[in-house]
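Colleague: I'm new to reading structures, so could you walk me through this one? I'll ask, you reason it out.

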Amino acid sequence: MPHDPLATRARLSEVRYEIRGELARRARELEAQGRELVKLNIGNPGAFGFRAPDHLQRAIADRIHDTDPYTHQQGLPAAREAIAAFHRARGAIDADAERVFVGNGVSELIDISLRALLNPGDEVLLPSPDYPLWSAATILNDGRPVYYRCKVANDFLPDPDEIEALVSSRTRAIVLINPNNPTGATYPRALLERIVRIAEKHGLLLMADEIYDGVLYEDARFQPLAPLAGDVPCLSLGGLSKVHRACGWRVGWGVLSGDARRCAGFQHAMDLLGALRLCANVPGQFAIEAALQGADTIAPLCAPGGRLHEARRAVLDSCAASEHLQLVAPSGALYAFPGVVGDAASGFEDHAFALELLETEGVLVVPGSSFNVPYRNHFRVTLLPEPDVLRDVFARIDRVLQRRATA
Ligand code: PLP
């Protein structure tokens with residue numbers, strides 16, 4: 001092979017992020033031709049008419065003239081203190097501003113934290129299905145994703161025995177996404193306690209992606225991981241994108257907890273990698289105190305009568321009425337992950353289905369296999385549209401499935 005100086009990184013061929021991939025490109029082509037589409041591929045509240053709360057917008061507007069300089073690489077001290085206090089208030093008693101890292105969204109912190117941790121060949125235990133950035137960042141930081149299954153039959157909850165059986169001499173971390181994207185599962189306390197004990201026994205880092213921590217339906221409760229982890233090293237991730245509907249501001253944070261001596265090297269590496277990218281977006285950081293000290297603005301949207309509650313209800317009702325769909329009711333987050341069953345499932349291939357749905361019905365969904373599952377009969381939709389839009393979408397989905405079932 002001739003030497004090609006512009007050849008890209010070989011491991012990129014292993015990386016997929018289909019939420020914004022081929023199907024999304026095809027959707028843009030169709031739109032350019034004048035087609036009207038319903039795009040349910042991204043959990044982007046602003047694209048569905050949600051706005052960040054006024055008090056967050058004011059917090060930025062009031063201080064926009066202070067936002068010119070870089071901040072400390074870990075973030076503005078007052079914002080970090082607000083994050084630490086928020087975590088202490090929910091039980092992480094050793095949360096400390098010195099161990100808070102503000103990033104350009106949780107996305108950047110996922111990458112930085114895995115880069116800080118991994119050597120070539122190191123393994124990270126990831127949920128399957130996962131939010132695919134976790135797999136991508138593991139691979140691009142020279143690690144190897146090892147998946148623990150969150151099975152439909154177990155309401156998408158993981159089996160701690162399976163997690164423990166997957167631990168090897170190369171395992172570095174266990175990643176938990178709770179509430180989960182794409183499944184909407186919220187993890188019970190007893191399950192989290194079991195997983196903490198596994199991390200403790202094998203000396204692993206816990207990485208808790210809790211970006212949907214306030215997006216909860218019906219009687220679901222969110223149990224943060226850090227208070228249960230105690231001395232076990234734990235990086236808890238949260239941000240403004242979802243709970244505060246401000247994903248364009250690119251604000252996320254990571255809070256490191258657990259035995260300070262054991263965490264020191266990782267903390268130092270996070271700080272160094274943070275310094276190399278100078279700092280996170282500064283205007284957004286001014287909204288953090290307002291977000292964490294102000295009123296809970298997501299709960300009313302998730303409560304009966306609230307927009308997200310009613311959207312979820314529309315999806316539950318539509319799936320219950322369909323003979324082709326099976327849905328584990330999401331108890332948190334912004335998505336539903338239905339499975340295709342019965343006659344329509346025979347020979348079903350999720351990409352082909354998603355493309356057909358886009359071309360014939362103008363609806364864009366994400367094929368389930370994009371979330372690193374071995375099966376091909378699921379797809380993900382976001383719950384962000386108006387309930388009536390979702391009812392109409394599921395009528396269109398059913399039309400395609402009906403055609404397939406009778407073909
Ligand atoms: N983690 C999960 C589970 C997500 O669903 C997302 C975005 O959809 C992110 C992290 C990244 O969020 P952001 O970078 O906007 O903070």
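Modeller: Happy to. Keep in mind that this is a predicted model. Let's start around the ligand, where helix 4 (residues 105-117) gives the most to the shell, with three residues.

Colleague: How many residues surround the ligand, then?

Modeller: Look first at the closest ones, which are Gly-105, Val-106, Ser-107, Tyr-131 and Ser-241. By class, the shell has five nonpolar, seven polar and one charged residues. The number that surround the ligand is 13.

Colleague: Staying with helix 4, at roughly what angle do its axis and the axis of helix 5 cross?

Modeller: Two packed helices are described by the angle between their axes and the distance between the axes. For helix 4 and helix 5 (residues 132-140), the axes come within 9 Å. The crossing is right-handed, and the angle is roughly 35°.

Colleague: Which residues of helix 5 make that contact?

Modeller: On the helix 4 side you'll find Ser-107, Ile-110, Asp-111 and Leu-114. The residues of this contact divide into five nonpolar, two polar and one charged. From helix 5 come Leu-133, Trp-134, Ala-137 and Thr-138.

Colleague: Now helix 13 and helix 15: are they roughly parallel or roughly antiparallel?

Modeller: The axes of helix 13 (residues 307-321) and helix 15 (residues 387-406) come within 8 Å and cross at roughly 20°. Angles under 35 degrees count as roughly parallel. So helix 13 and helix 15 are roughly parallel.

Colleague: And in which hand does helix 13 pass helix 15?

Modeller: Let's see who touches whom while we get there. The contact is made by Glu-310, Ala-311, Arg-313, Ala-314, Val-315 and Ser-318 of helix 13 and Pro-387, Leu-390, Arg-391 and Phe-394 of helix 15. Those residues divide into six nonpolar, one polar and three charged. The crossing of helix 13 with helix 15 is right-handed.

Colleague: What about helix 1 and helix 14, parallel or antiparallel?

Modeller: The axes of helix 1 and helix 14 (residues 350-361) come within 11 Å and cross at roughly 10°. That angle makes the verdict easy, so this pair is roughly parallel.

Colleague: How many residues in that contact are charged?

Modeller: In helix 1, Leu-23, Arg-26 and Ala-27 meet Ala-354, Leu-355 and Leu-358 of helix 14. Sorted by class, the contact has five nonpolar and no polar residues, and the charged count is one.

Colleague: Let's try the region before helix 1. Is Arg-9 buried or exposed?

Modeller: Arg-9 is found in the segment before helix 1 (22-32). Although Arg-9 and Leu-140 are 131 residues apart in sequence, their C-alpha atoms are 9.0 Å apart in space. A residue counts as exposed if 12 or fewer other C-beta atoms lie within 10 Å of its own. Arg-9 has 8 such neighbours, so Arg-9 is exposed.

Colleague: Which residues outside its sequence neighbourhood is Asp-155 in contact with?

Modeller: Asp-155 sits in the loop between strand 4 (144-149) and helix 6 (160-165). Asp-155 is partly exposed, with 14 other C-beta atoms within 10 Å. The C-alpha atoms of Asp-155 and Thr-186 are separated by 9.7 Å, with their places 31 residues apart along the chain. Leaving aside neighbours within four places in sequence, the contacts of Asp-155 are Ala-185 and Val-328.

Colleague: I've heard about unusual backbone geometry. What is omega for the cis bond between Asn-178 and Pro-179?

Modeller: Most residues other than glycine have a negative phi, and most peptide bonds are trans. Pro-179 lies in the loop between strand 5 (171-177) and helix 7 (189-202). Its cis bond with Asn-178 has an omega of about -10°.

Colleague: And which residue precedes Pro-182 in the cis bond with omega near 15°?

Modeller: Pro-182 is also found in the loop between strand 5 and helix 7. Omega is near 15° for the cis bond that reaches Pro-182 from Asn-181.

Colleague: Last one: what is phi of Arg-250?

Modeller: Arg-250 is in the loop between strand 7 (234-239) and strand 8 (252-257). With 19 C-beta neighbours inside 10 Å, Arg-250 counts as partly exposed. Arg-250 has a positive phi though it isn't a glycine, and the value is near 55°.

How values were computed
Residues numbered from 1 in each chain as written. Predicted model: local features only at pLDDT ≥ 70, side-chain atom pairs only at ≥ 80, totals over all residues. Axes fitted to C-alpha atoms, helices over the stretch in contact; angles between N-to-C directions. Helix = DSSP H or I, 4+ residues; strand = E, 2+ residues; numbered from the N terminus. Parallel < 35°, antiparallel > 145°, perpendicular 65-115°, else oblique. Left-handed = near helix turned anticlockwise from the far one by under 90°. Contact = placed C-beta atoms within 7 Å. Nonpolar A, V, L, I, M, F, W, Y, C, P; charged D, E, K, R; others polar. Near = placed C-beta within 6 Å. Buried ≥ 20, exposed ≤ 12 C-beta atoms within 10 Å, placed from the backbone.
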